[in-house]
Amino acid sequence: MMGRDRDAFFYMEVASIFGWDRPHCTWSGALAMRIAIDAGHGPDTPGKRTPDGAMREYAFNAAVADAVCSMLDVDTVRVDDPTCDVPLVARVAMAHQAQATCYMSIHANAVGTTWNDAQGIETFVSPSAPEGGQALVLARAVQKHLVAVTKRRDRGVKRGDLYVLRHTRMPSCLVECGFMTHRDEAALLQSDAYRHQCARAIVLALKEVYGVNTTTNTPQWAIDARAWAMAQGLTDGSDPKGTVTREQMWAMLQRFAKMQERKDG
Ligand SMILES: [Zn+2]
């Protein structure tokens, strides 16, 4: 196993040892805003594609998840993996381990495996989500913004007996951004413009419910620099507005120097 796949199993182990996956456990540490983003399924999950095979669901889910993360100026934790279909138990354990404030699972819908008329946007919460609770507030905000931004049919907020909704301790919702089995929506789901619209709607909802900062007020040079530093492995990109200690600066300079040594040598 590679990368995040291996980490997922590690987190699963750790989560069960420390009891983070159990509902009675509470964590007393200071909680920073951190949003778990779940691009549903994986690149090779069977089924989960348009009837003509032109698009796999994960391609849409991951593109929207990437865009959401790039628009948010708060910590995010991705619980999916571009190389595999992370088990649902591991996704939930990673969100708990990261002490995420909320859990957002991003999907595209389907009915059957052939083209049909089912269409529109719907958002799910756990069957046990309390009325007036944060999960429903979040789900209604996501649904409202998605319908407003995309102008697709409003199928409403529903309760769904879905693993990641039932087992997350933080408020969670799962959004279905359109039907892969509807010809018009399948075309939209494959377009960068529609993917960007969906991401923007999800970010607007997070902003409305949690007051999160978005990168809209961040200058482009700062966005570029953060992306570069993350790509180089100098930083994980967390807490972009936080103050840097001298120790952290030294560590980053040291990483940079080691990178240069590797390039030169
Ligand atoms: Zn899905």
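## A helix across the sheet

Let's start with helix H2, which lies across E1, E2, strand E3 (102-109) and strand E6 (172-179). Its direction is at about 140° to E3. Keep in mind that all of this comes from a predicted model.

## The sheet itself

So what is the strand order in this open sheet? Its six strands run E2-E1-E3-E6-E4-E5, with mixed pairing. The edges belong to strand E2 (75-78) and strand E5 (154-159); each has a single partner strand, so one side of each is left without a neighbour in the sheet. On average, neighbouring strands are turned by 20° against each other, direction ignored.

Going through some of the pairings, strand E1 (residues 34-39) and E2 are parallel, held by four bridges. Here Ala36 sits opposite Val77 in E2. E3 and E6 are parallel too, with six bridges joining them. On the other side of the mix, strand E4 (residues 121-125) pairs with E6 in the antiparallel sense, over three bridges.

## Strand E6 and Glu176

E6 is worth a closer look. Is this strand mostly covered or uncovered? Mostly covered, as it turns out: eight of its eight residues are buried.

Glu176 of E6 turns up in two pairings. Towards E3, Glu176 is the bridge partner of His107. Towards E4, the residue standing opposite Glu176 is Glu122.

## The nonpolar core

The largest nonpolar core counts 62 residues, and Val64, Val68, Cys173 and Ile202 are the ones that touch the most other members. Helix H2 (residues 57-71) supplies the largest share of this core, with nine residues. As a general background, nonpolar side chains tend to be buried together in soluble globular proteins.

Which residues does Cys173 contact, leaving aside its neighbours within four places in sequence? The list is Met104, Thr123, Phe124, Val125, Ala135, Leu138, Ala139 and Val142.

## H4 against H7

Helix H4 (residues 134-150) packs on helix H7 (residues 192-210) at an angle of about 140°, and their axes are 8 Å apart. The crossing is right-handed. On the H4 side, the contact involves Val137, Leu138, Ala141, Val142, His145, Leu146, Val149 and Thr150. H7 brings in Tyr194, Gln197, Cys198, Arg200, Ala201, Ile202, Leu204, Ala205, Glu208 and Val209.

By type, the residues of this contact come out as 13 nonpolar, three polar and two charged. A few names here are familiar from the core: Ile202 of H7 is one of the residues touching the most other core members, while Leu138 and Val142 of H4 are among the contacts of Cys173.

How values were computed. Residues numbered from 1 in each chain as written. Predicted model: local features only at pLDDT ≥ 70, side-chain atom pairs only at ≥ 80, totals over all residues. Core = buried A, V, L, I, M, F, W, Y, C linked by C-beta atoms within 7 Å. Buried ≥ 20, exposed ≤ 12 C-beta atoms within 10 Å, placed from the backbone. Contact = placed C-beta atoms within 7 Å. Pairing = 2+ DSSP bridges. Axes fitted to C-alpha atoms, helices over the stretch in contact; angles between N-to-C directions. Left-handed = near helix turned anticlockwise from the far one by under 90°. Nonpolar A, V, L, I, M, F, W, Y, C, P; charged D, E, K, R; others polar.
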